[in-house]
Amino acid sequence: MTPQGSRRGGSQVIPRPRAWRLGSVAVWNVDQSLDAEAAVRAVENSGLGCEAQTPMFAGAKPSAVLVVLADGPCGAEVLLTKRAQHLRNHAGEISFPGGRLELGETPLQAAVREAHEEVALPPHAVHVRGQLSSLSTVVSRSHIVPLVAHLGSRPTLRADVTEVDRILWVPLHELADRNT
C-alpha cells in the first residue's frame, strides 16, 4: 500500500506532448496469473504492428528496442532499464533495452545486440515473436521499432553502468493498472 498522494515506483516526471491521452485497455488480460507466453500470444493476435510506419519527421535515426517478456513470481513480467543519469538523451528514464541501428543492421539485429550490451541478455535466449507499431521521439530524433520477445527462463542479467543504472522486471498487471 502506498501513502495517499504517492505512486508505486516513486515520484516520476513523464514528459508528454499536449495531445497525449490515456490509451485503450491493454491487449493482454491483466490477470496476475497470466504467463509470458499467453501475453506474447495476445500481442501476436492483436494485429498491433501490422501496418507500416514511417518516421514523423525527416532525418529520424532508425532504432529498435526489445519488449522482453518472461515469467516471474507475479505472472508475466517485462524487462525494463533505468537509463544512466549521465547520458545525453533520456537520462534517468525508464526504457526498454535497445538503441540505434548500425550500418547494414536490421531492427532485430540492433535490438538483440543492444540488449546484450546493456544488460548482458544472451542473444540465444531471446525468442522474438513479433513487432509492435513503431514510434518517433523528438528529443533524440529517433524512429523506434519495438520487437516483442519471450524468454523461456530468466537469465542472470548484469547492467552495463555506462548505459544502465538499474535493471527492472515489472509485472504486466502493474503496468496495465489504470489506478497507478
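**Close-up views of strand 1 and its partners**

**View 1. The turn between strand 1 and strand 2.** Gly72 has Gly75, a residue of strand 2, as its bridge partner, in a model that is predicted. Strand 1 and strand 2 form a hairpin, and two residues lie between them. The two strands run antiparallel and are joined by four bridges, with strand 2 covering residues 75–83.

**View 2. Strand 1 beside strand 7.** Strand 1, which spans residues 61–72, pairs in the parallel sense with strand 7, made up of residues 142–150, and this pairing extends over nine bridges. Within strand 1 and strand 7, the residues that can be picked out are Ala64 and Val145, which stand opposite each other.

**View 3. Strand 1 beside strand 4.** Strand 4, consisting of residues 98–100, runs antiparallel to strand 1, and three bridges join the two. Here Ala64 stands opposite Gly99 of strand 4, while in strand 7 the residue opposite Ala64 is Val145.

**View 4. The protein around these strands.** The protein holds three helices and eight strands, and from the N terminus on these elements follow the order α-β-β-β-β-α-β-β-β-β-α. Of its 180 residues, 39% count as buried, and the accessible surface comes to about 11,000 Å², with 54% of that area belonging to carbon and sulfur atoms. When contacts between residues at least 6 apart in sequence are considered, 69% of them join residues at least 24 apart.

Technical notes:
Residues are numbered from 1 along each chain as its sequence is written. This is a predicted model: local features need pLDDT of at least 70, side-chain atom pairs count only at pLDDT 80 or more; totals for chains, interfaces and linings use all residues. Side-chain values use heavy atoms; hydrogens and water are left out. Buried means under 20% relative accessible area, exposed over 50%, partly exposed in between (1.4 Å probe, protein chains only). Contact means heavy atoms within 4.5 Å. Accessible areas come from the Shrake-Rupley method with a 1.4 Å probe; for residues, only the protein chains shown count as cover. Two strands pair if DSSP finds at least two bridges between them.
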